[in-house]
Amino acid sequence: MTFTKTSQKFGQWADSRANTVYGLGFATEQQLHQFSEKFKEVKDAARLAREKSQDKELANTALTIAAPQDLSDELQSPPVMCVNGPEDKLFRSQSADITLASEKERIKKMLSEG
């Protein structure tokens with residue numbers, strides 16, 4: 001989303017996901033400028049948070065790849081990993097276990113056919 005100043009005291013932005021255009025009128029140009037700056041700050045902060053979240057997902061994937069398990073093993077309960085101490089525990093979600101199980105089955109099938 002991009003905030004656009006459409007006049008001295010009015011601005012608007014579009015939300016393509018909601019297929020909606022929003023507009024705001026301000027009493028002064030200064031207020032419009034302040035809102036525009038805050039809008040940009042929040043947008044940048046959201047982008048950084050999204051990138052950080054994606055980096056964490058990639059790091060979790062790398063941990064899984066770095067410690068492969070025997071493909072013939074039955075699906076086990078998710079491992080607990082301590083990050084900074086006993087309070088900081090990461091668990092694989094149930095959907096991740098289902099995805100892992102189906103991926104194991106796919107690889108087993110490929111190996112048996114290969």
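This passage describes the strand arrangement, the surroundings of Thr2 and the aromatic pairs of a predicted model.

In the predicted structure, three strands form an open sheet in the order β1-β2-β3, and their pairing is antiparallel. The edges of this sheet are occupied by β1 (4–5) and β3 (20–25), each of which pairs on one side only. Strand β2, which spans residues 10–15, is joined to β3 in the antiparallel sense through six bridges. Across from Ala14 stands Val21, a residue of β3.

Thr2 lies in the segment before β1. With a relative accessibility of 51%, Thr2 is classed as exposed, because the threshold for this class is over 50%. Leaving aside residues up to four places away in sequence, Thr2 is in contact with Gln12, Trp13, Ala14, Phe39 and Lys43. Ala14, one of these contacts, is also the residue that faces Val21 in β3. Thr2 and Lys40 are separated by 38 residues in sequence, yet their C-alpha atoms are 7.9 Å apart in space.

Eight aromatic pairs are present in the structure. In one of them, formed by Phe3 and Trp13, the ring centres are 5.9 Å apart and the planes meet at 45 degrees, so the pair is tilted. This pair connects distant parts of the chain, since Phe3 belongs to the segment before β1 and Trp13 to strand β2, with their positions 10 residues apart in sequence. Phe3 and Trp13 are both buried.

Trp13 also takes part in a pair with Phe39, in which the centres of the rings lie 5.3 Å apart and the planes are at 55 degrees; this pair is therefore tilted as well. Here, too, distant parts of the chain are linked: Trp13 is in strand β2, whereas Phe39 is in helix α1 (residues 29–66), and the two are 26 residues apart. Trp13 has a relative accessible area of 16% and is therefore buried. Phe39 is likewise buried, as its relative accessible area is 15%.

Phe3, Trp13 and Phe39 are included in one aromatic cluster, which also contains Tyr22, Phe26 and Phe35. Within the cluster, Trp13 is paired with Phe3 and with Phe39. Both Trp13 and Phe39 are, in addition, among the residues touched by the exposed Thr2.

Methods:
Residues numbered from 1 in each chain as written. Predicted model: local features only at pLDDT ≥ 70, side-chain atom pairs only at ≥ 80, totals over all residues. Heavy atoms only, no water. Pairing = 2+ DSSP bridges. Helix = DSSP H or I, 4+ residues; strand = E, 2+ residues; numbered from the N terminus. Buried < 20%, exposed > 50% of the residue type's maximum accessible area, 1.4 Å probe, protein only. Contact = heavy atoms within 4.5 Å. Phe/Tyr/Trp six-rings, centres within 6.5 Å; stacked < 30°, edge-to-face > 60°.
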